[in-house]
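Hello,

Here is the structure we talked about. Please open it first; my notes follow below.

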Amino acid sequence: MRQTKSFQREWIVSILVMTFALTLAIGIGFLAGHYIPSASDDMSEICRNLPKKGPMADCIALRSAVATEQATLTAQWSLLIAVGSLCASSAALLGLISAFKQGQRTIGVATDANRIAMEYGRAQARAYVVVQSVEAKLSELGDLTAKVTFQNSGASPARRLRWLYNAHIVAVYGDNTQRGMMLGDEPDLERSHWRQDIPSADSWTSSPLGLRSQDGVAALLEKATFIAITIKVVADFQDVFGETHREIACFEGRVNPSERDASYTALHSAHDNALDDKTESPAA
């Protein structure tokens, strides 16, 4: 509201300045027309009013004086008209400059408003994909497999979703000692082979994806009384406007080494930096 009132005041000032300039120009024109010296009387009449015995030189001198006086008066009014015209032109120029600047500000405000409206419209219409759930299965040999469910809660489809994950496993033994190990590398989505579209207000569960087995995992699981796992899922997708958005989520929970055909265990949501807090050293 304050900006709108300021713009209105500037427009009023510009209009007043231009109106003043126009009024001043009209007034100068009127004065110039009113005070332009009138044509002098016939010099012969002037000379007739001289004494009859006056020499002709006096008549000529009188006529010259009258002409000089009229020329001087005309020059004075011409100078005044020129100064007035300069003032009027300057005022009009200032008014035009002010109006031009005001127009630029108005265009800038309109451009910003249009940009904000477009951003708001895109925010309302774009896709919003979140990791809804993660299920994991750990074999007796230390092979980890996970299934991820993605939910698109946006008003438009999510395109070309791709995802990868890595994990950290902690084994607790009977004497309360703990050992931890990272499973998999930091997810690099350029290596992902997933390209999935998710309709609006719909979910999609991926096929099982296993991590490459690592040496030492089977030995880590041996004789463990408690096994906890933290999984970090990294995904990105494109909205209908062609912009790419990234989603990172961590899930954790307890798992038991099982056979190949065993069911998956649902993990619980954790904070996004849960895996970053883990280290390969034994937990305290």
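**Nonpolar cores**

This is a predicted model. Its largest nonpolar core holds 41 residues. Leu144, Phe150, Trp163, Tyr165, Ile231 and Val233 have the most contacts inside that core. Two or more residues each come from β1 (129-138), β2, β3 (158-172), β4 (178-183), α4 (217-221), β8 (226-238) and β9 (244-254). Strand β3 gives the largest share, with 8 residues. Another core lies apart from this one. That second core has 5 residues, among them Met182, Cys250, Ala270 and Leu275. As background, nonpolar side chains tend to be buried together in soluble globular proteins.

**Thr149**

Now to one polar residue. Thr149 sits in strand β2, which spans residues 144-152. Is Thr149 buried or exposed? Its relative accessible area is 11%, under the 20% cut-off, so Thr149 counts as buried. What does its side chain meet? There is a polar contact with the side chain of Thr205, at 2.8 Å. Beyond four places in sequence, Thr149 touches two stretches of chain: Val130, Val131, Gln132 and Ser133, and then Ser203, Trp204 and Thr205. Of these contacts, Thr205 is the partner in the side-chain polar contact.

**Confidence**

The protein chain averages a pLDDT of 80. A score of at least 70 is reached by 74% of the residues. Please treat residues 280-284 separately: pLDDT stays under 50 there. For that segment, the model has 9 contacts beyond four places in sequence.

Best wishes

Conventions. Residues numbered from 1 in each chain as written. Heavy atoms only, no water. pLDDT = per-residue confidence, 0-100. Contact = heavy atoms within 4.5 Å. Helix = DSSP H or I, 4+ residues; strand = E, 2+ residues; numbered from the N terminus. Buried < 20%, exposed > 50% of the residue type's maximum accessible area, 1.4 Å probe, protein only. Polar contact = N/O pair within 3.5 Å; in protein donor to acceptor, adjacent residues only side chain to side chain. Core = buried A, V, L, I, M, F, W, Y, C linked by side-chain atoms within 4.5 Å.
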